[in-house]
Amino acid sequence: MSDAATPPDSATDLGVEDEDETLLRVEGVTKHFDNSRGILGGLTVDPNGDGPVVGFDKEMVRAVEDVSFEVRRGETLGLVGESGCGKSTLARTILRLLKPTAGRIEFKGEDLAEMSGERLRSRRSDMQMIFQDPQSSLDPRMEVGRIVEEPMQAHGMLDSEGREERARELLEKVGLDPQHYNRYPHEFSGGQRQRINLARALSVNPDFIVCDEPVSALDVSIQAQVLNTMRRLQDEFGLTYLFIAHDLSVIRHISDRVAVMYLGQLVELADKEELFENPQHPYTQALLDSIPVPDPRKTETRGALEGDVPSPIDPPSGCRFRTRCPKLIAPAEYDMSDEEWAGVRRFTRAVKRRSFEREETDLRQEFFAEGVPGGEAGDIVSAAIESVETGEWSAAADLLQSSFAEQSICAREEPDYEVDPEYGTNRHYAACHLHRES
Ligand SMILES: Nc1ncnc2c1ncn2[C@@H]1O[C@H](COP(=O)(O)OP(=O)(O)OP(=O)(O)O)[C@@H](O)[C@H]1O
Ligand code: SF4
Ligand SMILES: [Mg+2]
């Protein structure tokens, strides 16, 4: 593992470019949840039909969609994204705590997606998970020693004496007093409880640990201590981590490479330094820009994200980020300057939100001071302005939306590109059509 002060080629030092060293390969992994309520919740009725029920209209939450990446042995892959973007669902699907809707999950060359029963159970000891809330993941009625021993027992490891010895050893390794073997979880602090979780995960000698927001519930000062212990253990036990966090500073501290998720999809993946210094997806750029800047002169939050995250039940077509993207690409069929396109987008947003007093605003002056676009685009803008002027806001909004935003390549094709990295040599994936020519 490396930190911010480590030279950029640290990932190469780990041999992460070696194909043979791939520990986990996730290919096209998709997880949908059926959200239809109750037995009759999803039934649809055809008003023109004879019978009352014509189909079962399922409401699917498309939590994870077509995600592919690799994790190399010994590295930490950070996974970051806003709340609800599917990080935990992806993690639980990879560990086969959830059954994937589609895709391959190749761990040490075997497809876990198709595995079940005893074979899957035996693979599980190689893959452990640590959760955010160290309190609720520890049974309050069990002594910590027994908690650490439980997975060993479940996997039939060692005899009871051997397990106790190993548990005491592990408690020490994670920075706890082995004398506290008989204490209960409530006698420990939050950071210590997360260390107990670490000892428990390590007890079955895993190769791979998925850490789902393991330090998010801890104070910042404690976070660093626990993260440092995790790095030490990684070196000592040769561990590979998939490390989930929404906090970019934590991700930066711990990761070798970083994957960014938005609304169920991977939008960018690169070496840590490449991602932080040379982000290529507008969503990553916005996330990085929203990190508080410790410069009192910089009061504005650059490129702060607009609007809400759309529902994963009905995500936008093409690029899922397009409804919030400040760089949405102009439809190819119109001939517009950058300024004209910027005006069209500002006008579209304002009409959608009805954010101006229509009787008091000179729309051409307000939104198209640089000039209304010419040609067909101009005709559409003029028609929309007329609609607004007569109070037909929805008609104007629909016309703008269907004529511009929906015609963009961003709405019509799913982006999927590799870009040349500026830092290091590892692949840099960016799901954004701005890279369609690179
Ligand atoms: N069992 C479930 N049934 C239906 N929908 C679910 C289920 N689990 C998760 N979801 C939905 O899937 C989406 C992804 O949720 P998930 O918990 O994976 O996000 P997350 O990135 O881990 O968020 P957070 O940062 O808040 O932990 C959300 O819209 C969530 O509501
Ligand atoms: S594909 Fe289009 S909408 Fe998506 S991030 Fe790139 S520019 Fe923005
Ligand atoms: Mg989560």
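R96 is a partly exposed residue, with 19 other C-beta atoms within 10 Å. That falls short of the 20 or more needed to call a residue buried. Keep in mind that this is a predicted model. Below is a quick tour, starting with R96 and moving on to the sheet, the core and one helix.

**Positive phi outside glycine**
- R96 isn't a glycine, yet its phi is positive, at about 60°.
- You'll find R96 in the loop between helix 2 (87-94) and strand 6 (102-107).
- D66 is another non-glycine residue with a positive phi, in this case near 55°.
- D66 sits in strand 4 (residues 60-72).
- D66 is partly exposed too, with 16 other C-beta atoms within 10 Å.
- As background, most residues other than glycine have a negative phi.

**The four-stranded sheet**
- Strand 4, the home of D66, belongs to an open sheet of four strands in the order 4-1-6-7, with antiparallel pairing.
- Strand 4 and strand 7 (110-111) are the edge strands; each has a single partner, so one side of each has no neighbour in the sheet.
- Further in, strand 1 (residues 22-34) and strand 6 run antiparallel and are joined by five bridges.
- For a handle on that pairing, look at T30, whose bridge partner in strand 6 is A102.

**The nonpolar core**
- The largest nonpolar core counts 96 residues, and L242 and F243 have the most contacts inside it.
- Domain 1 (10-34 + 60-285) and domain 2 (338-407) each supply at least three residues to this core.
- What does F243 touch, once its neighbours within four places in sequence are set aside? Its contacts are T76, L77, G78, L79, C211, I254 and S255.
- In general, nonpolar side chains of soluble globular proteins tend to be buried together.

**Helix 13**
- Helix 13 (residues 375-389) has 15 residues, which at 1.5 Å a residue should span 21 Å; the end C-alpha atoms are indeed 21 Å apart.
- A377, V381, A384 and V388 are the buried residues of helix 13.
- Looking down the axis of helix 13, you see those buried residues within an arc of 60°, so they line one face.
- Packed against the buried residues of helix 13 are helix 11 (338-353), helix 12 (363-367) and helix 14 (393-403).
- Exposed residues G375 and E376 are on the face of helix 13 turned away from its buried side.
- Just after helix 13 comes G391, with a positive phi of about 85°.

Technical notes
Residues numbered from 1 in each chain as written. Chains lettered and ligands numbered in written order. Predicted model: local features only at pLDDT ≥ 70, side-chain atom pairs only at ≥ 80, totals over all residues. Core = buried A, V, L, I, M, F, W, Y, C linked by C-beta atoms within 7 Å. Buried ≥ 20, exposed ≤ 12 C-beta atoms within 10 Å, placed from the backbone. Domains from an automatic or database assignment. Contact = placed C-beta atoms within 7 Å. Helix = DSSP H or I, 4+ residues; strand = E, 2+ residues; numbered from the N terminus. Expected span 1.5 Å × (residues − 1). Arc of directions from axis to C-beta. Pairing = 2+ DSSP bridges.
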